Amino acid sequence: MSPVIDVHTHVVPPGWPDLGAPGDPWLRMDSTTAATIMLGDREFRQITDACWNADTRLADMDADGVDVQVVLPTPVFFGYDRVPADAARIAAIFNDLTLDITAQAPDRLLPFCQVPLQDLEAAVAELDRCIANGHQGVEIGNHVGDRDLDDEAVLSFLMHCADHDVPVFVHPWDMTSASRTDRWMLEWLVGMPAETHLSLLHLALSGAFDRLPTRLRLGFAHGGGSFAYWAGRADNAWHQRRDLVGADSEHPPSAYAERVYVDSVVFTETALRVLLDVHGNDRIVLGSDYPYPLGERPAGALVRAAEVSSDVREQILTGNALRFLGEGPALPRGTR
Ligand code: CO
């Protein structure tokens, strides 16, 4: 049996408490099956019980032909702008409540934790606590304020993850907002792919990929954002105008594409083809962004319909995710 594994889904625990600070996310329960994520008195997003009800998730997974979900935090709950002690408490509450949900189907719902990434010591402590408690990996935001993934403390955290064989999924969040991105969900349609593109270029051009161990398993949401499509532009700049670009890396940006996993939630076969060409057949993993409104339903529809060989399809739906997840997860017996 080759389990179909969706590495990009989100959770919101219904027991999330109102922590009381201005602008903090809290949950307004609108009915038994619907809620609204509130930021202070502003509505951020309406959600359904797919975010927290394991039975609803499992029924949707069965309908979509998905055997296993990686269950990621919802980035608006990261708390990266809080003092470390508060952020550590926020992460611990979120992570522990998530386990209550995933424990209902431990062989099908694999929890990833969040950490207070703004403080290395606190982030490492929460990661270690969560891995000991059953989390299978960690999701991090693609930046902490003005610090990007090439920040020294963030790199130390990533090295800790490599040393402890913990997969890391990078999710864009906290998009730059301006009046020009304030409508049509442009922060999601343009901002998110741009954020992910930025973070991959920070890792490449800073030389961070040269320092990070190749055994580090890094995944990026939304097909790695705009990176693959524009890898040629970045490579051209690196080759032709190092005088202007000033890159510190040993190789051009596209050389590092094979160091990361990217998910398949890109909606067109043309885009999927670019990902396969740039990152390689062994680096694309099924992701859906379930259950959020801009995600793919049924999960995996693009990959199942794409004109790729059955071997490549199996890699995307199963094999690559197994390598990304490593030996840790309690996947159904006989799948490794
Ligand atoms: Co997502």
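Reader: Why is arginine 217 called buried?

Author: Arginine 217 has a relative accessibility of 11%. Buried means under 20% relative accessible area, exposed means over 50%, and partly exposed is in between (1.4 Å probe, protein chains only). The 11% of arginine 217 is under that first limit, so it counts as buried. Before we go on, this is a predicted model, in which local features need pLDDT of at least 70 and side-chain atom pairs count only at pLDDT 80 or more, while totals for chains, interfaces and linings use all residues. Residues are numbered from 1 along each chain as its sequence is written, and side-chain values use heavy atoms, with hydrogens and water left out.

Reader: What makes the contact between aspartate 165 and arginine 217 a salt bridge?

Author: A salt bridge is a side-chain nitrogen of Lys or Arg within 4 Å of a carboxyl oxygen of Asp or Glu. For aspartate 165 and arginine 217, the N to O distance is 2.7 Å, so the pair qualifies. The two residues are 52 apart and link distant parts of the chain: aspartate 165 is in the loop between α4 (152-163) and β8, and arginine 217 is in the loop between α6 (208-211) and β9 (218-220). Helices (H or I, at least four residues) and strands (E, at least two) are DSSP runs, numbered from the N terminus. Aspartate 165 has 43% relative accessibility, so this partner counts as partly exposed.

Reader: How many salt bridges does the structure hold, and which residues are linked in a network of them?

Author: The structure holds 15 salt bridges. A network of them links Asp24, Arg82 and Asp86. Within that network, the closest N and O atoms of arginine 82 and aspartate 86 are 3.5 Å apart.

Reader: How do you know whether arginine 82 is buried or exposed?

Author: Its relative accessibility is 17%, so arginine 82 counts as buried. Its partner aspartate 86 has 28%, and therefore is partly exposed. Another salt bridge joins arginine 147 to aspartate 151, with closest N and O atoms 3.2 Å apart. There, arginine 147 is partly exposed at 27%, whereas aspartate 151, at 18%, is buried.

Reader: What makes His8, His10, His171 and Asp289 donors of the cobalt ion?

Author: Donors are N, O and S atoms within 2.8 Å of the metal (3.2 Å for Na, K and Ca); water is not among the atoms, so sites may look incomplete. His8 (NE2), His10 (NE2), His171 (NE2) and Asp289 (OD) lie 2.0 to 2.1 Å from the cobalt ion, so they meet the limit. Their spacing in sequence is H-x1-H-x160-H-x117-D. Histidine 10 in strand β1 (residues 5-10) and histidine 171 in strand β8 (residues 168-171) are 161 residues apart, and this pair links distant parts of the chain. Both of these histidines are buried.

Reader: Why is the arrangement around the cobalt ion called irregular?

Author: The four donor atoms subtend angles of 81 to 167°. Four donors count as tetrahedral if all angles lie between 85 and 135 degrees; four count as square planar and six as octahedral if opposite donors are over 155 degrees apart and all others between 65 and 115; anything else is irregular. The range of 81 to 167° goes outside the tetrahedral limits, and the cobalt arrangement is classed as irregular.

Reader: How do you know that β2 and β3 pair?

Author: Two strands pair if DSSP finds at least two bridges between them. Five bridges join strand β2 (residues 25-29) to β3, so this pair passes, and the two run antiparallel. Methionine 29 stands opposite alanine 35 in β3, and the two strands form a hairpin with four residues between them. On to β4 (residues 42-48): six bridges join β3 to this strand, again antiparallel. Here alanine 35 has isoleucine 47 as its bridge partner.

Reader: Why is strand β3 described as largely enclosed?

Author: Five of the six residues of β3 (residues 34-39) are buried, so the rest of the structure largely encloses this strand.

Reader: What makes β1 and β11 edge strands?

Author: Each of them, β1 and β11 (284-285), pairs on one side only. They belong to an open sheet of eight strands with parallel pairing, in the order β1-β5-β6-β7-β8-β9-β10-β11. Inside that order, four bridges join β7 (residues 137-141) to β8, and valine 138 has valine 168 as its bridge partner.
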